Amino acid sequence: MKSDMRHDMVSFINSSSVKTGYQNLDAIIGNLYPGFYVLGAGSSLGKTTFALQMADQLIQDAEQVIYFTMEQSRLELITKSLSRMTALKCRTNPALARTAIQIRKGDSSQVVQDAYHDYLNDTDYLTIIEGDFSTDMNAINKIVDDFVKQTGQVPVIIVDYLQIVQEDLPTDKIKVDYITKKLKILQRKYNAIVIAISSINRGNYMLPIDFESFKESGSIEYSADVVWGLQLQIMNDHAFTSAKNVTQRRKLIAAAKATSPRKVELVCLKNRFGIASYSCGFLYYPQYDLFTPDQNYTSQMPVCPTPRLIV
């Protein structure tokens, strides 16, 4: 048992060198550890964009990624990535950047061609699985199993998103519980990093994100190793917290969403791999599907040190 425990510890630490590519987040968490992560957010906060950008940043470090997209097409995701790349290439002249819609309509400007060339260099590490409303956990498991058998590598697995995975079960709660548990079993099977995107309850759009925000979320709270939520930074402002009614809050949220970039924060609600909770700020440019660290965001949370094996 002692040798088994040591083997498991060594395996965990050796596999925990994966960075998200978001410098502010990596400075807090150190690494992405093998485990089951859930990312939730309301509408217009970029949860797919955030996960897709993370996937693109992972493959730049030669990490294999399987991205299951249940709602958006492969073309939509690729053009999101290309749009982000044009924005990054055109920091000194933003007018040259292109939106995903412009690229899908056939924009062939030089910056798009350059972005596409760079994108192709990394796609050997990215597998996008375009699911549909019939894709279930059996299909997801088979695709991952086949990938591991064929390549000998365990990929980072991203599921976008949890509530659309198809399972014929009596209620939404039973369905989400089942899918959550199956994803956790898949994560343990391969000691993998599994990230599932989750929608949240409409009734919680006006409230700071918490466990009650997640749709049919009972199993998420217990099965996930890490639970993240994206929300507008305005949720912490005195003007919002002191608003006298829902109408005032709606106006503040609408104004925050109308700005570009949108000020968003990632809040950790649960973390089995270090400090219990933390947050970090981002600037979200929806027109270019881009998240960048918000340099003016101040978090009081401590930095999580990288664990070391004690011999």
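**Note on helix packing and the sheet**

1. In helix α4, I78, S81, L82, M85, T86 and K89 meet V111, V112, D114, A115, Y116, D118 and Y119 of α6, contact being heavy atoms within 4.5 Å. The residues of this contact comprise 8 nonpolar, 2 polar and 3 charged, where Ala, Val, Leu, Ile, Met, Phe, Trp, Tyr, Cys and Pro count as nonpolar, Asp, Glu, Lys and Arg as charged, and the others, Gly among them, as polar.

2. This is a predicted model, in which local features need pLDDT of at least 70 and side-chain atom pairs count only at pLDDT 80 or more, while totals for chains, interfaces and linings use all residues. Residues are numbered from 1 along each chain as its sequence is written, and side-chain values use heavy atoms, with hydrogens and water left out.

3. The axes of α4 (residues 74-89) and α6 (residues 110-122) come within 9 Å and cross at roughly 115°; axes are lines fitted to C-alpha atoms, for helices over the stretch in contact, with angles from 0 to 180 degrees between N-to-C directions. Helices (H or I, at least four residues) and strands (E, at least two) are DSSP runs, numbered from the N terminus.

4. An open sheet of 9 strands, with mixed pairing, follows the order β3-β2-β4-β5-β1-β6-β7-β8-β9, two strands being paired if DSSP finds at least two bridges between them. Its edge strands, β3 (126-130) and β9 (290-293), each pair on one side only.

5. Within the sheet, β4 (residues 156-160) and β5 (residues 193-198) pair in the parallel sense over 3 bridges, and I157 stands opposite V194 in β5. Helix α8 (residues 172-190) lies across β1 (35-41), β4 and β5, running at about 140° to β1.
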